[in-house]
Amino acid sequence: MTRSRRFIALVAAIALWPLAATQPALARAPVIVAAGDIACGGDPCTPERRTARLVRSIGPRAVLALGDLQYPDGSLEDFRSSYDRTWGRFKGRTFPTPGNHEYQTPHADGYFRYFGGRAHRAPHDGSYAFDLGRWHLLSINTGDGRPNDSLLRWVRRDLRRDRSRCELAYWHHPLHSSGHEHGGDERARELWGVLFRAGVDVVLNSHEHNYERFALLGPTGAPRRDGIRQFVVGTGGGPLYGLPSDGDRGSQRRIDHRHGVLRMDLHRSGYEWRFLAVGRTTLDRGTQRCHR
């Protein structure tokens, strides 16, 4: 190789080095998928089979199951005959939270028995926190009612101890929803305030059987640059609910005609999201930096 060619090759290598250096870090960003309102009673139905195949094709590090995982009442028998044959394939990497249908079986006993230790029945009755990559995540069991004072104290303590730049919380009932079937649940307002004051970046919910993404919102529901972005992802397999063309304040994207899952890439200082419909069609996407 001539001296001039060696010089050109060296310049090219230096120019490409920053990109090459960042690729391993990007590749290590944990990928999660999230959805709720999933499995029909009895044998698995077609939508839940299709969303399970979608999850398998993504191959996430973690699956966040957002409640109402097994219809009609979260019985252990139905979990074993339906959910287990579809989304149950990812049980070893699933971090669940229960919904109101799980509590139609007394004390959500079917849910807790099916998921065992992954449901964290003790010490906080199904609420727990964990780290994934550089992120801190909280699974909050709001059950079928309002978060009680004991639960709010636990959330405050956990977030005071956490030093992660990026934080995500998830539970079943959304504070914000444009849907007409259930709509937003004001019982989550105080919890939202706790999360906002602690600097939480993202909230995931389901309950409404559709997909909706909101702007960064503060405790009153007004858009704020330091607010929380909420996603409603009730598209795991249950019958879909319609959404109005003009959403509630802060609603930025509404999808009510396709089952699918939310994929999030959890980078060290921000996140990338995509709503992937069955068939791997991307219907919504974006990026956001974390607050801190």
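**Exercise 1. Salt bridges around Arg-189**

Is Arg-189 buried, partly exposed or exposed? Work out its burial, then look at its salt-bridge partner.

*Solution.* A word on the model before we start: it is predicted, so local features need pLDDT of at least 70 and side-chain atom pairs count only at pLDDT 80 or more, while totals for chains, interfaces and linings use all residues. Residues are numbered from 1 along each chain as its sequence is written, and side-chain values use heavy atoms, with hydrogens and water left out.

Step 1. Set the scale: buried means under 20% relative accessible area, exposed means over 50%, and partly exposed lies in between (1.4 Å probe, protein chains only).

Step 2. Arg-189 has a relative accessible area of 26%, so it is partly exposed.

Step 3. Its partner is Glu-186: the two form a salt bridge whose closest N and O atoms are 2.7 Å apart. The term stands for a side-chain nitrogen of Lys or Arg within 4 Å of a carboxyl oxygen of Asp or Glu.

Step 4. Glu-186, at 52%, counts as exposed.

**Exercise 2. Two further pairs**

Find the salt-bridge partners of Arg-187 and Arg-213, and compare their settings.

*Solution.* Step 1. Arg-187 meets Asp-185 with 2.7 Å from N to O. Arg-187 is partly exposed at 34%, whereas Asp-185 is buried at 14%.

Step 2. Arg-213 pairs with Asp-284, with 2.8 Å between the closest N and O atoms. This pair links distant parts of the chain, since Arg-213 sits in strand S8 (residues 211-217) and Asp-284 in strand S13 (residues 281-289), 71 residues apart. Strands (E, at least two residues) and helices (H or I, at least four) are DSSP runs, numbered from the N terminus.

Step 3. Both Arg-213 and Asp-284 are buried.

Step 4. The search of the whole structure finds eight salt bridges.

**Exercise 3. The two sides of helix H5**

Check the length of H5 (residues 149-161), then sort its residues by burial.

*Solution.* Step 1. The expected span is 1.5 Å times one less than the number of residues. For the 13 residues of H5 this gives 18 Å, and the end C-alpha atoms are 19 Å apart, which agrees.

Step 2. Leu-151, Leu-152, Trp-154, Val-155, Asp-158 and Leu-159 are buried. Seen down the axis of H5, the buried residues fall within an arc of 160° and so line one face; the arc is taken over the directions from the helix axis to the C-beta atoms.

Step 3. The general rule helps here: an α-helix has 3.6 residues a turn, so residues three or four places apart point the same way.

Step 4. On the face turned away from the buried side are the exposed residues Asp-149, Arg-160 and Arg-161.

Step 5. The cover over the buried residues includes strands S4, S5 and S6 and helix H6.

**Exercise 4. Neighbours in strand S11**

Which residues does Asp-265 touch, not counting residues up to four places away in sequence?

*Solution.* Step 1. Place the residue: Asp-265 lies in strand S11 (residues 260-266) and is buried, at 10%.

Step 2. With contact meaning heavy atoms within 4.5 Å, Asp-265 touches Pro-30, Val-31, Gly-270, Tyr-271 and Glu-272, leaving out residues up to four places away in sequence.

Step 3. Met-264, with neighbours within four places in sequence set aside, has contacts including Pro-30, Val-31, Tyr-271 and Glu-272.
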